[in-house]
Amino acid sequence: MKIPLYQLDAFSDRPFEGNPAAVCPLEAWLDDDVMQKIAAENNLSETAFFVRDGESEGGGFGLRWFTPVSEVDLCGHATLASAWVILEKLAPGRERVRFETRSGELIVERGEGDLLVMDFPARPAVPREAPRALVEGLGAEPADVLASDRDYLVLLDAEDDVRKLKPDFTRLRGLDRLGIIVTAPGVSADFVSRFFAPSVGVPEDPVTGSAHCTLAPYWAERLGRGDAPLEARQISARGGTLVCRHLGDRVTIAGRAALYLSGEITL
């Protein structure tokens, strides 16, 4: 069996920056354990698999995402990469793609220039007492701690505080949320962040679109920006840039993607 494979750097306009994602277009779903093994073999934070929904050229796609150790319910950068493969390689005449996922319907449309704009559910966070393992695992005293239904949102005072973090992933792995978003006001962007998810085999994710489902509502309110665009920068070692808007129960997250390689998996 031959399976197409694309690898892209999402939330970047050039290779070697942003977040690498593998994308596998399928004719039909593979067994879950096979998809999990492919994701483990790729050893990227996420591998996306999609299947066309029906025969219509304008129809949607089923989309699933796997880390090296488990399936996840939402992933931004691999959705952006999957949409790029469809819009640039498989159906270049299309203007939008509809994905059916474990998090409901996700839409990706062409934006200004080479931007792709994703429509995702908002995941606002509410105040939460900081668990000791969170504080000790980050090695920093938060200005505030909130939690969404998936992640912790940790506020620090300054961009440099976020950049200097050296987390203890063993301590963070046992928390009761999938991930830890750490954020602060930005110097050259409206806000910055880093994202850690050691519980699902991703110690630090280079650029995390889904984290901005929580970051966009928080910063839109804190900065008094309403539904105006917010420029975000994830300051991992690779780094990446996103443009977000908070639209009530939805957020839009826009970014670019750069193709790194294409080939075939042989099973």
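R98 is found in strand β6, which covers residues 96–101, and it makes a good place to step into this predicted model. R98 counts as partly exposed because its relative accessibility is 26%, a value between the 20% and 50% cut-offs. Leaving aside neighbours within four places in sequence, R98 is in contact with D53, G59, G60, F61, E105, L106 and I107. There is also a link to be drawn from R98 towards A83: these two residues are 15 apart along the chain, and their C-alpha atoms are separated by 8.9 Å.

A83 takes us to helix α2, where it is one of the buried residues. The helix runs over residues 76–90, and its length can be checked with a little arithmetic. With 15 residues at 1.5 Å a residue, α2 should span 21 Å, and its end C-alpha atoms are 20 Å apart, so the two values agree. How much of α2 is buried? The helix is mostly covered, with twelve of its 15 residues buried. The buried ones are G76, H77, A78, T79, L80, A81, S82, A83, W84, V85, I86 and L87.

From here we can move to the nonpolar interior. The largest nonpolar core has 55 residues, and those with the most contacts inside it are L8, F11, W65, F99, F120 and I253. Helix α2 supplies the largest share of this core, eight residues. Apart from this core lies another, of 17 residues, and L134, L138, Y152 and F196 are among them.

Two residues of the largest core deserve a closer look. I253 touches F11, L116, V117, M118, F120, G209, H212, C213, L242 and V243, not counting residues up to four places away in sequence. F11, one of those partners, lies in the loop between β1 and β2. F11 counts as buried because its relative accessible area is 3%, and buried means under 20%. Its backbone has a point to notice as well: F11 has a positive phi of about 65° although it is not a glycine.

Another residue with a positive phi that is not a glycine is N43, where the angle is near 55°. N43 sits in the loop between α1 (32–42) and β3. Is N43 buried or exposed? N43 counts as exposed, because its relative accessibility is 57% and exposed means over 50%.

Back at I253, we can follow its contact with V243. V243 is found in strand β16, and at 31% relative accessibility it counts as partly exposed. Setting aside residues up to four places away in sequence, V243 touches P229, L230, T252, I253 and A254. H212, also a partner of I253, is 31 residues from V243 in sequence and 9.5 Å from it in space, C-alpha to C-alpha.

Strand β16 leads on to the open spaces of the model. The second largest pocket has a volume of about 190 Å³, and the largest share of its lining, four residues, comes from β16. Both β16 (240–247) and β17 (250–255) supply at least two residues of this lining. Of the 15 lining residues, F11, S12, D13, T241 and R256 lie nearest the centre of the pocket, so we meet F11 again here. By class, the lining has five nonpolar, five polar and five charged residues.

The largest pocket holds about 290 Å³ of space. Which residues lie nearest its centre? They are P25, L26, E27, A28 and R52, out of 16 that line the pocket. Strands β1 (2–10), β2 (19–26) and β3 (46–52) each supply at least two residues of this lining. The lining divides into eleven nonpolar residues, one polar and four charged.

Finally, there is an enclosed space to find. The structure holds one cavity of 30 Å³ or more, and the largest cavity has a volume of about 140 Å³. It is lined by 17 residues, of which E46, L74, R150, F195 and S210 are the closest to its centre. Helix α2 returns here: α2, β13 (191–197) and β14 (202–205) each supply at least two residues of the cavity lining. This lining is made up of eight nonpolar, five polar and four charged residues.

Notes. Residues are numbered from 1 along each chain as its sequence is written. This is a predicted model: local features need pLDDT of at least 70, side-chain atom pairs count only at pLDDT 80 or more; totals for chains, interfaces and linings use all residues. Side-chain values use heavy atoms; hydrogens and water are left out. A nonpolar core is a set of buried Ala, Val, Leu, Ile, Met, Phe, Trp, Tyr and Cys residues joined through side-chain atoms within 4.5 Å. Buried means under 20% relative accessible area, exposed over 50%, partly exposed in between (1.4 Å probe, protein chains only). Contact means heavy atoms within 4.5 Å. On a 1 Å grid over the protein atoms alone, a cavity is a set of points where a 1.4 Å probe fits but cannot get out, and a pocket is an open set with protein on both sides within 12 Å along at least five of seven lines; lining residues have an atom within 4 Å of a point. Grid points are joined across faces, edges and corners, and a volume is the space filled by probe spheres set on the points. Ala, Val, Leu, Ile, Met, Phe, Trp, Tyr, Cys and Pro count as nonpolar, Asp, Glu, Lys and Arg as charged, and the others, Gly among them, as polar. The expected span of a helix is 1.5 Å times one less than its number of residues.
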